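Let's take a walk through this model together, one piece at a time. Keep the structure open as you read.

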Amino acid sequence: MRTLLITGPGGSGRTTVAAGTALAAARAGARTLVLGTDRTDTLGAVLGVPVGAGPVEAAPGLTARRVDPDATFRDDLLSLQDRAGAALDLLGASRLEPEELTPLPGAEELALLRALRDAVLSEAYDVLVVDLPPSERALALFALPAELRRYLRRLLPPERQAARALRPVLGRLAGVPLPAERLYETAARWDLELAAVEAVLADRSTTVRLVAAPSPAGADAVRTAVLGLALRGLRADGLVASRVLPEDLDDSWLAGPVAQQRKTLADWRETFTVHPVAHLGRDPRGTDDLAALGLPGAGAAPAAVDWPVTDRLADDGVLVWGIPLPGARREDLDLIRRGDELVLAAGPFRRVVALPSVLRRCTVDGAALREGELRIRFRPDPGLWPQGR
């Protein structure tokens, strides 16, 4: 499945772009699902048909539906309550009723990730278009699966499951209860579900399409988003310049915004495949307005992002790990080596990445930022490096 994740700064028209992109893909013959994530039905307002948690046909070949985090949270918690019923009864705990449950912070993000995974695994569609939250929240969402998996591995290491038979004995010897087998089973299930979401995000057919108005504020937002995507190893397959004003307004009071727009578009075209979308003079409503925008469909996915390790042992005695970070500034970078992991910070973003196996036997020798790429030098540790290499 070709998956397009649409995001941009708030107010950029990303829902309109998501709906128009999905419509273009459907009219090109692809079975298309557009997934809305707003609590209010902004997607339905743009498409001209009400969109809820259940699938609805918005146009020939185009299915739309909206993530319902309340129902997802309620179902999950009630299911957990049923599985733990015996323990709750033993403790004298009273059961929660469905009508009294309200989502906790983070439930919306988890519901969206699950909906994304389920849509891809269903194999019922050729193209999936997701109207993500604004870019700041979307970038945090992209980081969530990997971070949660890392926390689970630290708190409940999988290798400890091998001691299941000894757990009661060890608990008596230590004088404290050890995690029950059900806890490890739950952690393993969560890890499997999060791994499936990670696989969807990392798949070569999954890309991010950015949406922004061609203005100084839009340019700043795009620059930040591109850096955040690069740190996650995600790819932007294009940039939609939304609400582009006509060029023949130089004699009106809009001459200033038009000049800013012209400069921003010229700058963007040096880096991105830009799709300008004209301002219709009104908010698009219905499939006719969406078609008039002339948005591109899914298209082919660009090449995968590569973080190569270059062998310079013969010339300089080092291995160089290249990490593309377009838009990064040297003063905003921070690197910390911790065991077999690298804590990498770029601007407002932070990521913990596992070192490639060949670099785990090396020490960090330095780093430099050149032409939008962070190049980290590793020198082999004589105590760990294979003899004769």
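**A sheet and two helices**

Start with the open sheet, where 4 strands line up in the order β9-β10-β15-β14 with antiparallel pairing. Bear in mind that what you're looking at is a predicted model. Which strands stand at the edges of the sheet? They are β9 (309-312) and β14 (362-370), and each has a single partner strand, so one side of each is left without a neighbour in the sheet. Going from one strand to the next, the twist averages 25°.

Now zoom in on one edge. Strand β14 runs antiparallel to β15 (residues 373-380), and 8 bridges join the two. If you'd like a spot to click on, try Ala367, whose bridge partner in β15 is Ile376.

Next, hop over to helix α9, which covers residues 216-232. Does its length make sense? With 17 residues at 1.5 Å a residue, α9 should span 24 Å, and its end C-alpha atoms are 25 Å apart, so the two values agree. The helix is mostly covered, too: 12 of its 17 residues are buried. Among them are Gly218, Ala219, Val222 and Leu229, along with Arg232. Just after α9 comes Gly233, which takes a positive phi of about 75°.

Finally, look at Thr264, which sits in helix α10 (residues 255-269). Is Thr264 buried or exposed? Its relative accessible area is 7%, and buried means under 20%, so Thr264 counts as buried. Leaving aside residues up to four places away in sequence, Thr264 touches Pro214, Ser215, Pro216 and Ala219. You've already met Ala219: it's one of the buried residues of α9.

Conventions
Residues are numbered from 1 along each chain as its sequence is written. This is a predicted model: local features need pLDDT of at least 70, side-chain atom pairs count only at pLDDT 80 or more; totals for chains, interfaces and linings use all residues. Side-chain values use heavy atoms; hydrogens and water are left out. The expected span of a helix is 1.5 Å times one less than its number of residues. Buried means under 20% relative accessible area, exposed over 50%, partly exposed in between (1.4 Å probe, protein chains only). Contact means heavy atoms within 4.5 Å. Two strands pair if DSSP finds at least two bridges between them. Axes are lines fitted to C-alpha atoms, for helices over the stretch in contact, and angles run from 0 to 180 degrees between N-to-C directions.
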